[in-house]
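Student: Before we begin, could you show me the model that we are going to read together?

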Amino acid sequence: MACPCLNCSLISPFRPAVRGVNAARKFLSCLLLVFAVFPIAPAQAQARPAASLQGPSPTVIQGGIADPSLGPKVEALLRKMTLEEKVGQLVQYSAGQATGPGTGRTDYKDMIGKGQIGALFNITKARDSNAFQRIAVEQSRLRVPLLFGLDVIHGFRTEFPIPLGLASTWNPVLVEKAARVAAREASATGIRWTFSPMVDIARDARWGRMAEGAGEDPFLGSAMAVAYVRGYQGSRLDAPDSIAACVKHYVGYGAAEGGRDYNTTEISEPTLRQIYLPPFRSAVDAGTASIMSGFNALNGIPASANAFTLKQILRKEWGFQGIVDSDWTSVAELIPHGIANDGATAARRAFLAGVDMDMVSSLYHDHLAHLVQTGQVPEAAVDQAVRNVLRVKFALGLFEHPYVDETKEDAAMLRPDYLQIARDAAEQSFVLLKNSAGPGGAPLLPLSKTVGKVALIGPLANDSANMLGCWGALGRAEDVTSFQTALLAYLGNESVLSSKGTGISEGSDQEMADAIATAQKSDLVILALGENAPEMTGEAASRSKLGLPGRQQELLEKIVATGKPVVLVLFSGRPLTLPWAFENVQAVLAAWFPGVQAGPALVRTLFGESNPSGKLVVSWPRSVGQEPLYYNALSTGRPANQQNGDPKFVSRYLDEQNSPQFPFGYGLSYTSFRYGPTEIGSKQLKAANLNAGLRTAKDVALTVTASVTNTGQRAGEEVVQLYIRLQGTSVVQPVRALKGFERMTLAPGETKSVRFSLSPDAFAIWNDHNQLAVEPARVTVWVSPDSAHGTPADLEIVP
Ligand code: BGC
């Protein structure tokens, strides 16, 4: 089918295979047009303050994009450039298998020779990137090297858990290591730019892209954003194994109404400043080289034409000096958004709002020079955008080292130390949701090796491809050790029975009957159920029903009816609404999509060689009607839990509880932990002092301590969380807000004290004068295992 848009002659709708999804989406775009991984950079403390909400970034990172030595080089080159060459630096195309859809162009080589392209993406072989680079560096007039990009989202060839899983580790040090591995592998093919991390706050499990981010919380999201940026960019951007990060999708994209991808967003300024912006701000402070503007309209202005967020906040308030890249054809999408009626207007609006580089639309290529020549766009604005691009290219050392060594490409992949990090990450990403008594009266998990015959049943039991998640880059199914392979290796062929039961989306009666017969022959069943990663999670994969797809619920109920003990391992890119399972299955483990080491990590966890320590980074809903569901909701005037109040006229559902199935921060262990009371270093703080502290250094405003004891029989890791609530402020605040976390290891019986130092920022809000300030307030503080528990301590902020 040919594309009906007027701008291109697209026939095939397919996107590059590297996306791991089938690619009809690009077609849609057209429709719309009608270590030794070390050294790593020093790890940040896990209980670090959230990014401040405003003020220029104070950091000049040597070897980063703000390095002062870059300025003279950029200016010298800029002075030599013609207007056409300048515009060329602002043009980006996809040159992978899906050459050109969305633009109708295939003549990249010719364009590169003429200096008309600044960046290419979706090239995945060193040989190919060198070939394109040779044209830029040896044939174009000014020899400006190309920047090669790719969506390296959760690994390049060594695939790690999906970002939602990586965040569930609450371990930024580990995430930084994973990002470093990805940078090393990707850079071995000439890629020096990744469109990652996605730092969009996701409060609605219907939105498929929840899988690609760090969940619903801005504090955790900030810590993860920094970890990825540091991992990708290393200690110096010009090291050959460093790649530039691109934080996306700026901003508010995750707030799509109804959880429907690409849908519009309405976000108040306090919520924008306090919830959606902080992870971006943290990434900017950590030195991210680029930012991607989103597809969504934000309060009526598309994010890719939004001068308020792109110029006022990003450039003026934060002092960002890197590239603002559009998302895929998001410049052209200003036309269907309805704020431009032709390509020239779309280009002008996006460009003047602050989008430096046009990904795929080709509208800057087609119109920008003419817009300058006719006085509709000042050439000075073009110069500034070109500076932003050249600064990144110089910072990456591309002028000195434009090529990659093709002979080292293969050896750079899947190294044993990388696989070890992948296994650690997978193990720490698993969240144990339920673990009730098995046949002997003790919790069903961990299993004993002498459990007897184990039936491994379900569509994801022996599925390698899905373990690669929604955006597997160059990950290959054959690189994955599947669950079944690992279980057979661990228990031996004699002890493992297997049956598919059903496919993910459909299955036959015969398959179902076979699975029931298999279960009946076993002593225990492990069910591997869930979503299809590339089809049902990630981009353009919103769902209105969040149960198990196809006949999997039926399979689950029939297997439980056999009376065998059942362990349910869930593979998904979001929480699934499974009230029946949580009621009737003894043990449930959320495994997300764990990456290449899925099998070994799962077997080690189920058999107790690794103790689960992951915690939820999204509130787990009971039913879809609760969405959007997030722990840090704003207080209402009629809270459902009000004491001695009217039970009817409160904020609640008639047919569902308000509380989630499992709260944000929740996750069980094979041991148990007891928390001592929350202790605070002061009962009274002065708002004036805190406000002064906001603008100066990172003072410590309050110390908070609590003791945590391992009360069980096994060593375990616990993620200790610190929350606060402010009451009496000028703008309504969340009922709880995460302000610190610490992952700690405790031997059986051991007690440790955890100490958090809160900076003034922790108490700052975006107030009714549209300013960041600390206001007099009553403060409640909890140190707790999740967002729903903990003993409170109270203090006051006085004027
Ligand atoms: C996605 C981005 C991605 C880009 C390039 C877009 O469709 O929204 O996240 O980086 O494509 O592949």
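**Reading a helix, a core and a sheet**

Tutor: Helix H2 (residues 70-80) has as its buried residues Leu70, Val74, Leu77 and Leu78, where buried means under 20% relative accessible area, exposed over 50% and partly exposed in between, with a 1.4 Å probe and protein chains only. Seen down the axis of H2, these buried residues fall within an arc of 105 degrees, so they line one face of the helix; the arc is that of the directions from the helix axis to the C-beta atoms. Helices (H or I, at least four residues) and strands (E, at least two) are DSSP runs, numbered from the N terminus. This is a predicted model, in which local features need pLDDT of at least 70 and side-chain atom pairs count only at pLDDT 80 or more, while totals for chains, interfaces and linings use all residues. Residues are numbered from 1 along each chain as its sequence is written, and side-chain values use heavy atoms, with hydrogens and water left out.

Student: Which residues of H2 are exposed on the other side, and which helices do its buried residues pack against?

Tutor: Pro72, Arg79 and Lys80 are exposed on that other side, whereas the buried residues pack against helix H3 (83-89) and helix H15 (379-395), contact meaning heavy atoms within 4.5 Å.

Student: How are the strands of the open sheet ordered?

Tutor: Strands of a sheet pair through backbone hydrogen bonds, either parallel or antiparallel. Here five strands run in the order E4-E3-E2-E1-E10 with parallel pairing, two strands being paired if DSSP finds at least two bridges between them. Strand E4 (193-194) and strand E10 (358-359) stand at the edges, each with a single partner strand, so one side of each is left without a neighbour in the sheet.
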